[in-house]
Amino acid sequence: MSPVGTRPRSPLPLRDMADTRTLLVEAVRRALDGMGVDASFEVVVERSARPEFGDWSSPAALGLARILRRAPAAIAAELTESLEAARVSRVRAWTVTPPGYVNAHLDDRTWTEAVLGSATDLEATGSDDLPKDAAAAAGKTLVEHTATNPNKAAHIGHLRNACIGDTVARVLRRTGHTVEVNNYIDDTGVQVADVVVGIRELGIEQQPGEPFDQYCSRVYIAVSARYQSDPALLEQRRAVLREVEEGGNETAVFVKDVARRIVNAHLATMRRFDIAYDLLTWESDIIGLGFWRQAFELLRESEAIVFVESGKLAGCWVMPAEGNDDEGDDDTKVLVKSDGIATYTAKDIAYQLWKFGLLGRDFFYVPWEGNPTLMTTSALPQQGASTSHFGHAQRVINVIDARQAYPQRVVQRALRRLHHKREADNSIHLSYEVVALTPAAAAELGVAIEEGRDSVALSGRRGIEVRADDLLDRAIARLTANARDAAGATVVAAGAVRYYLLKFSLNQIIAFDFDEALRVTGDTGVYLQYAHARAAGILRKVSDDGQSIEVPSELHPAERELLHSIEAYSRALTETALALSPSLLTTYAFGLASAFSDFYEHTPAVVREEDAAMRRYRRALVAATRATLADALHTLGMAAPDQV
RNA sequence: GGCCCCGUAGCUCAGUGGAUAGAGCGGCGGUUUCCUAAACCGUGCGCGCAGGUUCGAUUCCUGCCGGGGCUACCA
C-alpha cells in the first residue's frame, strides 16, 4: 500500500484549481461581452477534435451566426482578434478553422507549470484546507446503501449496490460534502422469517466450518422450495412475522440473533472491499420505538392515507394515487395490511422522515459489537444516549435497484403529502440496474437458461447467484500467481472486482461474465493499479532533488495528453459528484492510466535521463500522475499500491 | 394497458447538440540488450427504424420495432 493510501482523504483545494478550460470559457465570455453578445448565450469550450486544431476549441461562432446575422468565419475572426488583444494567460496562439471554430493553442511552459502545481497541491492538501464551494454549505447528505436482507450470504448484486453507495459517499466527501452512511437492516421482513422457519422446521444442520451466512443461504433455498410442495408452511411464516411485529417474545429474539449473525457476515464481506458504514439502522427499532406509529398519525392527520371500507383492499390503510384523480387502483399503495401489519414501504416512510429529522423522534445509539467506528441504532434507552449527530440530513440518497422505483416514489409522495416539499425534492432514489448472468456464467453455475432469453436474473431464493466472497476469492487466486505477496494479491483483487462493478453506467444491466470480471488485462482495475505501481517505481528510482522545475518549451504529444488528463481530474470529480455516477470516474481513471502507459512506452526512460533539468521536469510529471491516479483510485475505494 | 430502463464494432460497453463516433475483449500480425510485457503498436466503412426541431442530431422531441423491469394486503 502506498503511504498515501493511509492518509485520510480531504476535500480538493478548489480555490486554486482554476483549470485551463474554465479560464478559456471566461476569456471567451469576456470577448463576447465586448461584442455585445447576450450573457444568456452559453459558451462551450471543449478539447480540440484533432491535435493540429489546437488544445481547446469553441464552436461559439457557429451558434452566434444566426443571432448576429453574420457568417461564422467572420464572427470567429473578430472573436479571435479580441482574444488575442486580451492576452489570455496560458494561451500561445488563437486560430480559426472552418466552418468557424476558434482554437486555443496553449503555451506549454506556463500551462504545464500550472497543471503540475495543482497536482502537487493535490498531494499536499491538508485536512484544514476546506473548499469554499456551495457543496459544503449544502448541509449533510445521508447515503443509505447495501441494505442486504439479513438472511443469506451477499452476492454480486448486493455488492454492486455497496460499491456504488460507498463510492458515491467517497466522491461526495472528496468534493467537500458532509456525508453520513447508513446500512438499513430489514430484520422484520419476510426473507429473514423464511430462514427462521427453515431452521426450525426443516432440520437442516450447519456443516462444520460452514460460514453462518452460507448456511442460511442453503436454508433459504430449501424453505423456498418447500413452500411449493407444502403451502401449510406459509402459516409458520405468518406466525413468525406476527411475533416479530409484536416483539418481546422468544421468536423475536431468535430472529434478531439470526439477523445479527448475518449482519456480521455481511460487514466482514464488505470490509474486504474497504466498504464501511457510520450507522446500522434496524427496522425492528423503527417498529419498536414507535416510528411507524408516529408516521402513521402524521399521515392520517394530513389525510395522506385513508382507510378502505370496501372492495378488494377492504380493511387496509392506503395512500391513494397522486392528485386524487381517477388513475385507478394501479397507483394505490397499501401501507397497512388488513391484518394490521405495516408494509415495508410504510416503515421506509417512517425511516425517511427520520433521515430528515422530521419525525420528532430518535433512536438510541450504541457501538456495534464493540466496534469503535460503527454505531448501531437501539430501542433500549439504558444502553445509550438519545442525543446524536445522526440523521437530520438536508439531502438523502437511497441506493436501491431500479425495480424499487415505484415504492421509492411512494416514499417521496408521502413527504409531499405531509407538506415537506423541500425534503421530497431532496429525496434521491439513486437507481441502478441489476446484475444478471450471461449464458456462459449461467452454464458455469449449472443454471439452465430460459428459452428465448439471453441472460439469467440472480435469485438468492433459487440459489442462482455468485457470492461476493467467492468472486473475490477467485480473483485473488487468479492474481496470486503474478503477485509479489498474498496481501498484494488481495488488495489488487478487491480493487479489480470493485472496478468491474463500478465501470458500467448505473442504468445498464451488468451482464456478469466470469472471464470478464476476472480478467487482468485491458480496461480493468488491475490495469489502473499497475499503472500506479509503474509510476511509483520510477519515483523510487529518481529522487526529488528539490530544485525548481523548468518546463521545456515543447512537449512530446504523449506528455501533452498526459497533462490534459491530469488537469481533467478536478472536473471529472465534480461531475461525478453532481451526476452521482461512479462510472464517470472509472472512465476518467482508465483514461489517465492509458495516457500514462502511452507516456511510459513512447518517451525515453525517465531513470536514464541524463540532463538534470529534464529529469527533474519529467519526474515531476510522473509524480503528478501518481498523485492524481492515487487520489482517483482511493476515491473509487481502490488501493494504490506502489508495487504489484 | 400504464410507467421506467436498454438498443452504438463479432462480444461487453464508453461517449457527445459540434469538426473524421471511441475503448476493452476476441481474431490476425508485430514489439522485450530500454523506468515492471498485468504493457505497447498495427489491423474495424457500427449509432434499431421513420419523421421532426436545429446552422449542425448518434445525442433533444414524437411515433414505431426489438429486449428487460415495475405495476402484490412481498421486500
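Which residue lies over the face of Trp56? Select Trp56 and look towards its ring: Arg47 lies over the face, at 5.9 Å from the ring centre. As you follow this tour, keep in mind that the model on your screen is a predicted one.

**The open sheet**

Keep Trp56 on screen and add the sheet around it, which is an open sheet of 4 strands in the order β1-β2-β4-β3, with antiparallel pairing. If you colour β1 (46-47) and β3 (91-97), you have marked the edge strands, each of which pairs on one side only.

Now select β4, residues 101-106, which is joined to β3 by 6 bridges, the two strands running antiparallel. Two pairs of residues are worth labelling here: Thr95 has Asn103 in β4 as its bridge partner, and Ala93 stands opposite His105 in β4. Follow the chain between these two strands and you will see that β3 and β4 form a hairpin with 3 residues between them, where Gly100 in the turn has a positive phi of about 155 degrees.

On its other pairing, β4 is joined to β2 by 3 bridges, and these strands also run antiparallel. Trp56, the residue with which you began, has Ala104 in β4 as its bridge partner. Is β4 enclosed or open to the outside? Since 5 of its 6 residues are buried, β4 is largely enclosed by the rest of the structure.

**The helices by the sheet**

Select helix α2, residues 20-34, next, and turn the view until you see how this helix lies across β2 (56-58), β3 and β4, running at about 30 degrees to β2.

Then move to helix α3, residues 60-68, and show the side chains of Ala60, Ala61, Leu64 and Ala65, which are buried. Why do these residues lie on the same side of α3? They cover an arc of only 140 degrees around the axis, and this puts them on the same side of the helix. The spacing fits a general rule: an α-helix has 3.6 residues a turn, so residues three or four places apart point the same way. To see what covers the buried residues of α3, display its surroundings, which include α2, β2 and α4 (72-86). Before leaving this region, select Arg69, just after α3, which takes a positive phi of about 55 degrees.

**A covered strand**

Go on to strand β7, residues 279-282, and view the strand from each side in turn. Both faces are covered, with Leu279 and Thr281 on one side and Leu280 and Trp282 on the other, and all of these residues are buried. As a general pattern, in a regular strand the side chains alternate between the two faces of the sheet.

Add strand β6, residues 178-185, which runs parallel to β7 and is joined to β7 by 4 bridges. β12 also runs parallel to β7, and 2 bridges join these two strands. Leu280 is a useful residue to label, as Asn183 stands opposite Leu280, while Thr376 in β12 is the bridge partner of Leu280. Finally, click on Trp282 and look over the face of its ring, where Lys256 lies at 4.1 Å from the ring centre.

**The aromatic cluster**

How many aromatic pairs does the structure hold? There are 19 of them. Select Trp354 and Phe363, whose ring centres are 5.0 Å apart and whose planes meet at 65 degrees, so that the pair is edge-to-face; both residues are buried. Next, select Tyr365 and Phe390, whose ring centres are 4.8 Å apart with planes at 40 degrees, so this pair is tilted. Tyr365 lies in strand β11 (residues 364-367) and Phe390 in the loop between β12 (375-378) and β13 (395-401), so the pair ties together parts that are 25 residues apart in sequence. Both Tyr365 and Phe390 are buried as well.

To see these two pairs in their setting, show Tyr184, Phe291, Tyr344 and Tyr351 too: together with Trp354, Phe363, Tyr365 and Phe390, they form one aromatic cluster.

**A last stop in a loop**

End the tour at Glu610, which you will find in the loop between α24 (582-602) and α25 (612-635). Is Glu610 buried or exposed? At 73% relative accessibility, Glu610 counts as exposed, because the cut-off for that word is over 50%. If you also select Pro582 and draw a line from C-alpha to C-alpha, the line spans 42 Å in space, between residues that are 28 apart in sequence.

Note on methods
Residues numbered from 1 in each chain as written. Chains lettered and ligands numbered in written order. Predicted model: local features only at pLDDT ≥ 70, side-chain atom pairs only at ≥ 80, totals over all residues. Heavy atoms only, no water. Pairing = 2+ DSSP bridges. Contact = heavy atoms within 4.5 Å. Axes fitted to C-alpha atoms, helices over the stretch in contact; angles between N-to-C directions. Buried < 20%, exposed > 50% of the residue type's maximum accessible area, 1.4 Å probe, protein only. Arc of directions from axis to C-beta. Phe/Tyr/Trp six-rings, centres within 6.5 Å; stacked < 30°, edge-to-face > 60°. Lys NZ or Arg CZ within 6 Å of the ring centre and 35° of its normal.
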